[in-house]
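Please open the structure in your viewer and keep the selection tool at hand. The tour below goes from stop to stop, saying what to select and what is there.

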Amino acid sequence: MALSWFCVRVLCRRGPGRWGPLCRVMGRVLTSSAVARGHCEALVYHKHGDPLRVIRLETLKLPQLGDSDIRAQMLAAPINPSDMNIVQGTYPILPDLPAIGGNEGVGQILEVGSKVTNLKPGDWVIPSDAGLGTWRMEAVGNMNRFSKVSNNLPLLCAATLGVNTCTAYRMLCDFETLKPGDSVIQNAANSGVGQAAIQIAKAMGLKTINVVRDRPNLQQLTDSMKSMGADYIITEEALRKPDMEELFKI
């Protein structure tokens, strides 16, 4: 089941190290025995707190498929820092409890209602808004709660379109009218949002100045970001030096 290994891989690569135990729990529980049709396994919390303590695997009854509904199997769902904040109760917007964790992911449609004409079994979909609860094996909901994406996308890309990629796009488009040849500068440039911003900016014809923290593998990180389309990668320490003024004159 793709959901289990994907959660493990993304959390270990991108999330804080302390969530490793949760990562292993998710990998174990979501590959457990098959669930009867009409039910699904999900990672649920009934109160806010330490995710390692409050998240539990539960078997939930799926809603009856309505005329305007779809039923989808979740293929992959990442674990973002904001997901942890929501479970902890520290995020500004919180769902009603009990809640299923996860705000983004990609699923494959298994079944559609009689009035659904724009989606069909086999299509890939992502949540149209936050709050669906993607840490589950299946979901049933109104077709308007889902957006179709190409199933030619890499699974990793499809599952992470909803949060960081959209944030990057809005940062580039909502505050200034940028035109090809303009430059943007960003810190935390190797974050999920930062990497998305580099690629979107490249497609828009923008130049990017990307600030990162110094690290032993800086050259490896630099090469990776350059391959995404980054123009300049500089460390926070280098940014403080007077000769940086020359960079901004280019």
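A salt bridge, as the term is used on this tour, is a side-chain nitrogen of Lys or Arg within 4 Å of a carboxyl oxygen of Asp or Glu. Please keep in mind throughout that the model is predicted.

**First stop: salt bridges**

Select Asp174 and Arg170, whose side chains meet in a salt bridge with a distance of 2.6 Å from N to O. Arg170 is exposed, with a relative accessible area of 52%, while Asp174 counts as partly exposed at 41% relative accessibility.

The structure holds six salt bridges, and another of them joins Arg71 to Glu138, where the closest N and O atoms are 2.8 Å apart. Because Arg71 lies in strand β3 (residues 69–76) and Glu138 in strand β7 (residues 138–142), this pair ties together parts that are 67 residues apart in sequence. Both Arg71 and Glu138 are buried, so a residue on either side of this bridge has under 20% relative accessible area. If you add Glu111 to the selection, you have a network of salt bridges that links Arg71, Glu111 and Glu138.

**Second stop: the loop between α6 and β9**

Now select Lys179, which is placed in the loop between α6 and β9. The side chain of Lys179 meets that of Asp182 in a salt bridge, at 3.6 Å from N to O, and Lys179 counts as exposed, with 52% relative accessibility. Add Leu206 to the selection and compare the two positions: Lys179 and Leu206 are 27 residues apart in sequence, yet their C-alpha atoms are 7.1 Å apart in space.

**Third stop: helix α7**

Select residues 192–203, the twelve residues that form helix α7. What span should these residues have at 1.5 Å a residue? The expected value is 16 Å, and the end C-alpha atoms of α7 are 17 Å apart, which agrees.

Next, colour the buried residues of α7, which are Val193, Gly194, Ala196, Ala197, Ile198, Ile200 and Ala201. To see what covers them, show the elements around the helix, including α6 (161–173), β9 (183–186), β10 (207–212) and α8 (218–228). Just after α7 comes Gly205, which takes a positive phi of about 80 degrees.

**Fourth stop: helix α4 and the loop that follows**

Move to α4 (81–88), and pick out Ser82, Asp83, Met84, Ile86 and Val87, which are buried in this helix. Just after α4, select Gly89, which has a positive phi of about 90 degrees.

Going on from there, select Tyr91, which has its place in the loop between α4 and β4 (99–100). Tyr91 is partly exposed, with a relative accessible area of 35%. Together with Ile93 and Leu94, Tyr91 makes a nonpolar surface patch of about 290 Å², which you can bring out by showing the surface of these residues.

**Last stop: cysteines**

Finally, select Cys40 and Cys173. Which of the two is buried, and which is partly exposed? Cys40 is buried, with a relative accessible area of 3%, whereas Cys173 counts as partly exposed at 31% relative accessibility. A disulfide is a covalent bond between the sulfur atoms of two cysteines. With a cut-off of 2.5 Å between the sulfur atoms, the count for this structure comes to zero disulfides.

Terms used. Residues are numbered from 1 along each chain as its sequence is written. This is a predicted model: local features need pLDDT of at least 70, side-chain atom pairs count only at pLDDT 80 or more; totals for chains, interfaces and linings use all residues. Side-chain values use heavy atoms; hydrogens and water are left out. Patches are made of residues with over 30% relative accessible area and no salt bridge: like charges are joined within 9 Å, nonpolar side chains (Val, Leu, Ile, Met, Phe, Trp, Tyr) within 5 Å. Accessible areas come from the Shrake-Rupley method with a 1.4 Å probe; for residues, only the protein chains shown count as cover. Helices (H or I, at least four residues) and strands (E, at least two) are DSSP runs, numbered from the N terminus. Buried means under 20% relative accessible area, exposed over 50%, partly exposed in between (1.4 Å probe, protein chains only). The expected span of a helix is 1.5 Å times one less than its number of residues. Contact means heavy atoms within 4.5 Å.
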